[in-house]
Amino acid sequence: MSVLNCCLSISKCINYRQKKKTKNFNPPTRRNWESNYFGMPLQDLVTAEKPIPLFVEKCVEFIEDTGLCTEGLYRVSGNKTDQDNIQKQFDQDHSISLLSMEVTVNAVAGALKAFFADLPDPLIPYSLHPELLEAAKIIDKTERLHALKEIVKKFHPVNYDVFRYVITHLNRVSQQSKINLMTADNLSICFWPTLMRPDFENREFLSTTKIHQSVVETFIQQCQFFFYNGEIVEIANTAAPPPPSNPGQLVEPMVPLQLPPPLQPQLIQPQLQTDPLGII
């Protein structure tokens, strides 16, 4: 191989690696039709008078009016065909009523998540992910929450308004967790990949997924503090007790019996000798 060809090969390799390193991690669209709404930049879908995208507003209102207590809300997948039909019909007529479509709550929830998955950029900007990660590692709870609050203020105003709207909705869902079983923890597991659009091909990122999830969980739990100047909420520790060390041990170990003290020697009665003839 000539020196020129060698140099060209090295250059192609470097360019490939650079493209791979800086590539857009947005997943391919799930839609199989052209849309002038879904997949558009968030800024194109709102106005100063209407800071929340109309589709997001319609989905949230439908869910809160008809299915806030639905078990497994956002965790149970809705019918994919119904999700697509919701978006297609909205594409054709923005004034359509979801109630008139006779679709399930899970289908509407799935269509809402798909809306955020299709955005060109995640709702939580990539540029702020490192700061969120570092803030989440702060040990002191109050200091950690104030640090996260300052980072949220750095969101683009459009992202901030929509993020506040979505987190407020998820907080209301979590308030019904005794019925729908969707705690802030469960909701964050379902929603954080959609809101943050992570690069799951990056091994370094995989080691921090739990921290990113905990960030979204904290936003849901402390919604009033982050967005409405409320007080910090004290979260009760509802963690289950650790399992027994012996997998086969399904019940608590028995408490040792408290036996009475042994008889003192002087209290022991001497054994009577029995006469061979039966006469004592």
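Here are a few exercises with worked solutions on this predicted model.

**Exercise 1. The overall build**

Work out how many helices and strands the chain has, and what share of the residues is buried.

*Solution.* Start with the secondary structure: the chain has 12 helices and 0 strands. Reading from the N terminus, the elements run α-α-α-α-α-α-α-α-α-α-α-α. Next, take burial: 38% of the 280 residues are buried. Then look at the outside, where the accessible surface is about 18,000 Å² and carbon and sulfur atoms hold 57% of that. Finally, check how far along the sequence the contacts reach. Of the contacts with a separation of 6 or more, 76% are between residues 24 or more positions apart.

**Exercise 2. Inside the nonpolar core**

Find which members of the largest nonpolar core touch the most other members, then list what Phe115 touches.

*Solution.* The largest core has 64 residues. Those touching the most other members are Phe55, Tyr74, Ile86, Phe115, Phe116, Phe163 and Phe219. As background, nonpolar side chains tend to be buried together in soluble globular proteins. Now pick Phe115 and skip anything up to four places away in sequence: its contacts are Tyr37, Phe38, Leu42, Leu45, Pro53, Phe55, Val56 and Gln87.

**Exercise 3. Two positive phi values**

Tyr74 and Asn229 each have a positive phi without being glycine. Decide for each one: buried or exposed?

*Solution.* Take Tyr74 to begin with. Its phi is near 75°, and it belongs to the loop between helix 2 (54-66) and helix 3 (80-92). The cut-off for buried is under 20% relative accessible area, so Tyr74, at 4%, is buried. Now for Asn229, with a phi of about 55°, in the segment after helix 12 (223-227). Exposed means over 50%, so Asn229, with 69%, is exposed.

**Exercise 4. Salt bridges**

Count the salt bridges in the whole structure, and say which parts of the chain the Lys154 pair ties together.

*Solution.* The search turns up 7 salt bridges. In one of them, Lys154 pairs with Glu131, with the closest N and O atoms 2.6 Å apart. Lys154 lies in the loop between helix 6 (141-152) and helix 7 (157-174) and Glu131 is in helix 5 (residues 129-136), so the bridge ties together parts 23 residues apart in sequence. Glu131 is partly exposed, at 31%.

Now try Lys153. Its partner is Glu150, at 3.2 Å between the closest N and O atoms. Lys153 is exposed at 53%, whereas Glu150 is partly exposed at 46%.

Last, Asp161 and Arg164 form a salt bridge at 3.4 Å, N to O. Both sit in helix 7, 3 residues apart, or about one turn of the helix. Asp161 is partly exposed at 23%, and Arg164 is partly exposed at 27%.

**Exercise 5. A buried acid with no bridge**

Explain why Glu217 has no salt bridge to Lys210.

*Solution.* Place the residue: Glu217 is in helix 11 (residues 209-221). Glu217 is buried, and the nearest side chain of opposite charge, Lys210, is 5.2 Å away. A salt bridge needs the nitrogen within 4 Å of a carboxyl oxygen, so this pair does not count. Setting aside residues up to four places away in sequence, Glu217 touches Ala184, Asp185 and Ser188.

**Exercise 6. Cysteines**

State how many disulfides there are and compare Cys69 with Cys223 for burial.

*Solution.* The whole structure has 0 disulfides. Cys69 is partly exposed at 38%, while Cys223 is buried at 0%.

Methods. Residues numbered from 1 in each chain as written. Predicted model: local features only at pLDDT ≥ 70, side-chain atom pairs only at ≥ 80, totals over all residues. Heavy atoms only, no water. Core = buried A, V, L, I, M, F, W, Y, C linked by side-chain atoms within 4.5 Å. Buried < 20%, exposed > 50% of the residue type's maximum accessible area, 1.4 Å probe, protein only. Contact = heavy atoms within 4.5 Å. Helix = DSSP H or I, 4+ residues; strand = E, 2+ residues; numbered from the N terminus. Areas by Shrake-Rupley, 256 points an atom, 1.4 Å probe, with all protein chains shown as cover. Disulfide = S-S within 2.5 Å. Lys, Arg positive; Asp, Glu negative; His and termini not counted.
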